[in-house]
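Grab a coffee and open the model in your viewer. Below are a few exercises, each with a solution worked out step by step.

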Amino acid sequence: MGAVKILTVFGTRPEANKMIPLVLALAERAAAGVLESRVCVTAQHRELLDQSLVPFGVKPDADLNIMTAGQSQGDVISRVLAGLGPVIDAYGPDILLVHGDTTTTFASALAAFHRKVLVGHVEAGLRTYDKYRPFPEEMNRKLTTALADLHFAPTELAREYLLKENVPGPSIFVTGNTAVDMLAHTTSEQYSFHNADLRDLPQDNRIILLTAHRRENFGLPMEAICRAVGRIAADFPDVRVVWPMHPNGAGRAESEQFLAHLPNVVRTQATDLHDTHNLMKRAFLILTDSGGIQEEAPSFNVPLVVLREVTERPEGLAAGTLVLAGVEENTIYNEAARLLTDQEAHARMANAPNPFGDGKASARIIEAILGWFGGRNP
């Protein structure tokens, strides 16, 4: 057959941050005539998505521009189905690539299925086996698994989960996570922050990076997180807590109530990917409910306290790169305080190897696709 035609679809900043390394790698192979590559964005998150695309010069071939104020998950699904169908028809891809667990991911896979186009699922096989945590991500990724034909699992454990769900073994490829690939594109030793609030961080302060935005943490869990962080900041005046606030408004009211009076807490606007990665590189400790940060931080030798009851990345628990603190005030405080006071405990976590990859996931995904269409797999 001729060159394999690949259509990559994503719509949110987290997807973009992990798919851009693959898009750039596909572009290199396309320039060599090995394959054809096009990119479609749904713009489920408009402004945040653009912030990720522009610095890397990624210009989508199609932009569905679906985002509307107050959109529901149903709105996203219906607009993706309506908008992506004609794009698929016009290009005629051999395979459509989606990433992870967003509503764009599920809807795009469904649109491809409706046109009998193969679906490749990047970051396949993550599971909590709790349909409401995280919500709606857990069901988005399980539904995408049901629709996908090629499954690019980031770890061996993700592969095992897929096998337990009767996904055919030859369709699963353990590749590592593209999040690790991205670090080579974003970090540097001589880095100047774009966010003015980050430029004057004292060199002698221990930086604690805080991120909290998940839907299941809205309300009382967010209050508990802020209470714990307030106690940490008060009891450890040598630390500087930096909280880039998510545009969805998560934590704003609670942080105003419990953290605004503390001089060593910096609440700032959402940071772009370059600032985020370079801030992680400087951090002594990270408190987060993010999924992607769990994969990235071990590459920077930074311990993680995860502000969730469950994680779909238990590889980090097994490797010792993270601890699961839940959303109870005292537990969060105690775990953070332990890592701030126990040098040996901090060193063990900081020096644990990253179980999520070596920065070569994109190349493995491309080779798997070419091998599949070249007949080297059943």
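## Exercise 1: Odd spots in the backbone

Lys116 sits in the loop that runs between helix 4 (103-114) and strand 5. Keep in mind that this is a predicted model.

**Task.** Work out what phi is at Lys116, and whether the residue is buried or exposed.

**Solution.** Start with the general expectation: most residues other than glycine have a negative phi, and most peptide bonds are trans. Now look at Lys116: phi is near 55°, a positive value in a residue other than glycine. Next, check the surroundings. The relative accessible area of Lys116 is 81%, and the cut-off for exposed is over 50%, so Lys116 counts as exposed.

**Task.** Do the same for Tyr129: what is its phi, and where is the residue found?

**Solution.** Tyr129 isn't a glycine, yet its phi is positive, at about 60°. You'll find Tyr129 in the loop between strand 5 and helix 5. Its relative accessibility is 45%, which makes Tyr129 partly exposed.

**Task.** Stay in that loop and look at the prolines. Which residue is joined to Pro134 by a cis peptide bond, and which one to Pro136?

**Solution.** Take Pro134 to begin with; it lies in the loop between strand 5 (118-122) and helix 5 (137-147). The bond leading into Pro134 comes from Arg133 and is cis, with omega near -5°. Then move along to Pro136, also placed in the loop between strand 5 and helix 5. Here the cis bond joins Phe135 to Pro136, and omega is about 0°.

## Exercise 2: One helix and its faces

**Task.** Which residues of helix 2 (residues 46-53) are buried, and how do they sit around the helix axis?

**Solution.** List the buried ones: Leu48, Leu49, Ser52 and Leu53. Now look down the axis of helix 2: the buried residues fall within an arc of 135°, so they line one face. The spacing rule behind this is handy: an α-helix has 3.6 residues a turn, so residues three or four places apart point the same way. To finish, see what the buried residues of helix 2 pack against: strand 1 (4-10), helix 1 (13-31) and strand 2 (35-41).

## Exercise 3: Empty space inside

**Task.** How many cavities of 30 Å³ or more are there, and what lines them?

**Solution.** The idea is simple: rolling a probe the size of a water molecule over the atoms shows where empty space is left. The count comes to 2 cavities of 30 Å³ or more. The largest has a volume of about 50 Å³. It is lined by 13 residues, and the closest to its centre are Leu126, Thr155, Glu312, Arg313 and Glu315. Helix 6 (156-164) and helix 13 (314-319) are the elements that give two or more residues to this lining. By class, the lining of the largest cavity splits into 6 nonpolar, 2 polar and 5 charged residues.

The second largest cavity holds about 40 Å³ of space. Among the residues that line it are Val122, Phe152, Pro154 and Ile365. Its lining has 4 nonpolar, 4 polar and 1 charged residues.

## Exercise 4: The whole chain

**Task.** What radius of gyration does the chain have, and what would a compact globule have?

**Solution.** For 378 residues, a compact globule would come out near 21 Å; the chain has 21 Å, which agrees. Buried residues make up 57% of the chain. Finally, count the elements: 16 helices and 13 strands.

Key: Residues numbered from 1 in each chain as written. Predicted model: local features only at pLDDT ≥ 70, side-chain atom pairs only at ≥ 80, totals over all residues. Heavy atoms only, no water. 1 Å grid on protein atoms, 1.4 Å probe; cavity = no way out; pocket = protein on both sides within 12 Å on 5 of 7 lines; lining within 4 Å. Points joined across faces, edges and corners; volume = space filled by probe spheres on them. Helix = DSSP H or I, 4+ residues; strand = E, 2+ residues; numbered from the N terminus. Nonpolar A, V, L, I, M, F, W, Y, C, P; charged D, E, K, R; others polar. Buried < 20%, exposed > 50% of the residue type's maximum accessible area, 1.4 Å probe, protein only. Arc of directions from axis to C-beta. Contact = heavy atoms within 4.5 Å. Rg over C-alpha atoms; globule rule 2.2 N^0.38 Å.
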